[in-house]
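Biologist: I would like a close look at one part of this model, its salt bridges, followed by whatever surrounds them. Please take it step by step and keep the numbers in.

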Amino acid sequence: MSTRRAAYEARQRRRANMIAGVSTFGVLALLLVLVPLAPGWQAVKASFFDGDVFLRTFPGLLQAFVLDVAIFAWSVPLIFALGLAIALARGARNPALFPLRIFGAVYVDLFRGIPVVLLVYLVGFGIPGLGLPRPWNSPYIWGTVALVLTYSAYVAEVLRSGIESIHASQRNAAICLGLSERDTMRHVILPQAIRRVVPANMNMLVALQKDVALLSFIGPVEILRQAGIYKSLLANFTPYVAAAIIFLCVTVPATRYADYLLNKDRNARS
Amino acid sequence: MKLFITAAVLTITATAAFAAGHCAAGKTLTDGTLTIATGNPAYYPWVIDDAPESKQGFEAAVAYALAGEMGFSDDAVTWVRTSFDEAIQPGEKNFDINMQQFSITEERDKVVDFSAPYYTAPQAVMTTVEVAEGGAKPTLDSLKTLKWGVVASTTALPIVMETIAPDQSPLVYDDNANVTAAIKAGQIDAALFDLPTALFTAAVLLDNGVVLGQFDPEAAENPDQFGMLMTEGNPLKECVDEALTALTDSGKLAEIEAEWLQQATGVPLIK
């Protein structure tokens, strides 16, 4: 049975939906009409949205994208392991472990402060230049190291903020139960902290997925480089658009899935 | 009679120069000046010391000779810098002609206009003394076994993939400096450049660089030819071509090439 209030609310919702629909449609229509009216549209279209070039280069780009996924896949566990270690080091409470805290702080300041691409160059060309033999001088190894250094610094800060957000009463309660400091962290603090920072870490993962492409600067032919090769051979930017679409196909569902997990978790707890 | 012929030739040349000067009138970005783009930085031996205004270096010298042929005085030449991407992107350009070792290809020609070629570049294999002493030889069989590196925006990659077809997939870099860094780091054995660039890189940028061999440009199906890049449908193209033809016919172009790119002899041909 609907009350007058429920009916009123339903009417208001319908009205809001309709306004949202009309305004979205209006903006889209304006874009679709106005952009092609720009004087350079034909040139831009030929250069960025060439159907033939798209179809010719798409399979090659997809193949190159496998390398991005692989680099991503082996970087992520390393990043989280190192990030957690740094976060714990920064949070060490024992006075004897003070040097560890300093190290953690310096690490984060240093690697979060250097642009990723610079670190990729420095580590990717610099360390192998010291005279490592093959295969230990591979750009895949040192490029990954550069990514791990940068992203573990970010992840460490995210995890630390999660750890610090857990109320002191949790720690006190654990101590009252007789848990050691180590067990408190492992069984009480971390499970709550990590869950709390999942959205921030998903952000990191999406950013990482795109930054994997920076490894192309030191040699590996991943999707961005493959697109660049096609661009220079065909003098056409369409391969970049194709690469962007491939990236979106991965990053958008990943983000939506993280949102879904979070909502599920929130609903389960409330 | 001889005098008459000389006089006739002189007259024709003079007329040609005059006509060329008129040919470009009103077709350049700024009336009365010719705006030429080069790379940033521009590399030796194409431009010496990254200063094209000094007319030192092959492309700088060709540019001034071309401008002179088209009726522009040296003062009327303006230099700008562009990347490869800026040269091919749609929209207004800030140059009349762009000269930075652009290889003429059919696909590129659909998007931009190229002048007649001003240089045919033999592709050369650059490597290190260590690799050469390790048994690398200027034969296709030997080159197959090397780890290759090339610059992404050049036509070197198709040549490596199709002609050499190496056992390991090549690594690809943004520019010559990164290829050099990768060779120093031991990540690649060899790189494919046009011969003048290979000679310069081996001699100046690397302590242990050698040019192992060159591909015979006469034998190549599509020899790598450098052309000046202009926007698609640029009316200036016919003036540039006319002037280049005049430079070629008069032997001036060959003279400039001999002056700046002469060390190219003595590099073995790859079999």
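Modeller: What follows goes from the salt bridges within each chain to the contact between the chains, and then to some elements of chain B and a loop of chain A.

The model is predicted. Over all chains, the structure holds 13 salt bridges. Five residues of chain A are linked in a network of such pairs: A:Arg90, A:Arg112, A:Glu157, A:Arg160 and A:Glu164. In general, side chains of opposite charge can pair when their charged atoms come close.

Two pairs of this network can be followed within helix 6 of chain A, which covers residues 139–165. The side chains of A:Glu157 and A:Arg160 form a salt bridge with an N to O distance of 3.2 Å. These two residues are 3 apart in the helix, so about one helical turn separates A:Glu157 from A:Arg160. A:Arg160 also meets A:Glu164 in a salt bridge, here at 3.3 Å from N to O. A:Arg160 and A:Glu164 are 4 residues apart in helix 6 of chain A, and therefore again about one helical turn lies between them. The spacing fits the geometry of an α-helix, which has 3.6 residues a turn, so residues three or four places apart point the same way.

The accessibility of these three residues covers three classes. A:Glu157 has a relative accessible area of 15% and is therefore buried, the cut-off being under 20%. A:Arg160, at 22%, counts as partly exposed. A:Glu164 is at 57% and counts as exposed, because exposed means over 50%.

Chain B has a salt bridge of another kind of placement. B:Lys55 pairs with B:Asp74, and their closest N and O atoms are 2.5 Å apart. This pair links distant parts of the chain, 19 residues apart. B:Lys55 sits in the loop between strand 1 (34–38) and helix 2 (58–69) of chain B, while B:Asp74 sits in the loop between helix 2 and strand 2 (77–81) of chain B. B:Lys55 is partly exposed at 33% relative accessibility, and B:Asp74 is partly exposed at 34%.

Between chain A and chain B the count is 4 salt bridges. One of them joins B:Asp174 to A:Arg225, with the closest N and O atoms 3.0 Å apart. The contact between the chains involves 30 residues from chain A and 28 residues from chain B. The area buried between the two chains is about 2200 Å², and carbon and sulfur atoms give 57% of that area.

Now to chain B as a whole. It has 11 helices and 12 strands. Of its 271 residues, 51% count as buried. Among the contacts in chain B between residues at least 6 apart in sequence, 72% join residues at least 24 apart.

Five of the strands of chain B make an open sheet in the order 8-7-9-6-10, with mixed pairing. Strand 8 (171–173) and strand 10 (209–214) of chain B are at the edges; each has a single partner strand, so one side of each is left without a neighbour in the sheet. From one strand to the next, the twist averages 30 degrees. Strand 7 (residues 148–151) of chain B runs parallel to strand 8 of chain B, and 3 bridges join the two. In one pairing between residues, B:Val151 has B:Tyr173 in strand 8 of chain B as its bridge partner.

Helix 10 of chain B takes in residues 236–249, 14 residues in total. Its first and last C-alpha atoms are 20 Å apart, close to the 20 Å expected at 1.5 Å a residue. The buried residues in helix 10 of chain B include B:Leu236, B:Cys239, B:Val240, B:Asp241, B:Ala243, B:Leu244 and B:Leu247. After this helix comes B:Gly251, whose phi is positive, near 85 degrees.

Last, a loop of chain A. A:Ala92 lies between helix 3 (51–90) and helix 4 (98–113) of chain A. At 10% relative accessibility, A:Ala92 counts as buried. Leaving aside neighbours within four places in sequence, A:Ala92 is in contact with A:Leu97 and A:Arg101. The C-alpha atoms of A:Ala92 and A:Gly104 are separated by 9.7 Å, and the two residues are 12 apart along the chain.

Note on methods. Residues are numbered from 1 along each chain as its sequence is written. Chains are lettered from A and ligands numbered from 1 in the order in which they are written. This is a predicted model: local features need pLDDT of at least 70, side-chain atom pairs count only at pLDDT 80 or more; totals for chains, interfaces and linings use all residues. Side-chain values use heavy atoms; hydrogens and water are left out. Two strands pair if DSSP finds at least two bridges between them. Axes are lines fitted to C-alpha atoms, for helices over the stretch in contact, and angles run from 0 to 180 degrees between N-to-C directions. The expected span of a helix is 1.5 Å times one less than its number of residues. Buried means under 20% relative accessible area, exposed over 50%, partly exposed in between (1.4 Å probe, protein chains only). Contact means heavy atoms within 4.5 Å. Buried area is the accessible area (1.4 Å probe) that two parts lose on being put together, summed over both.
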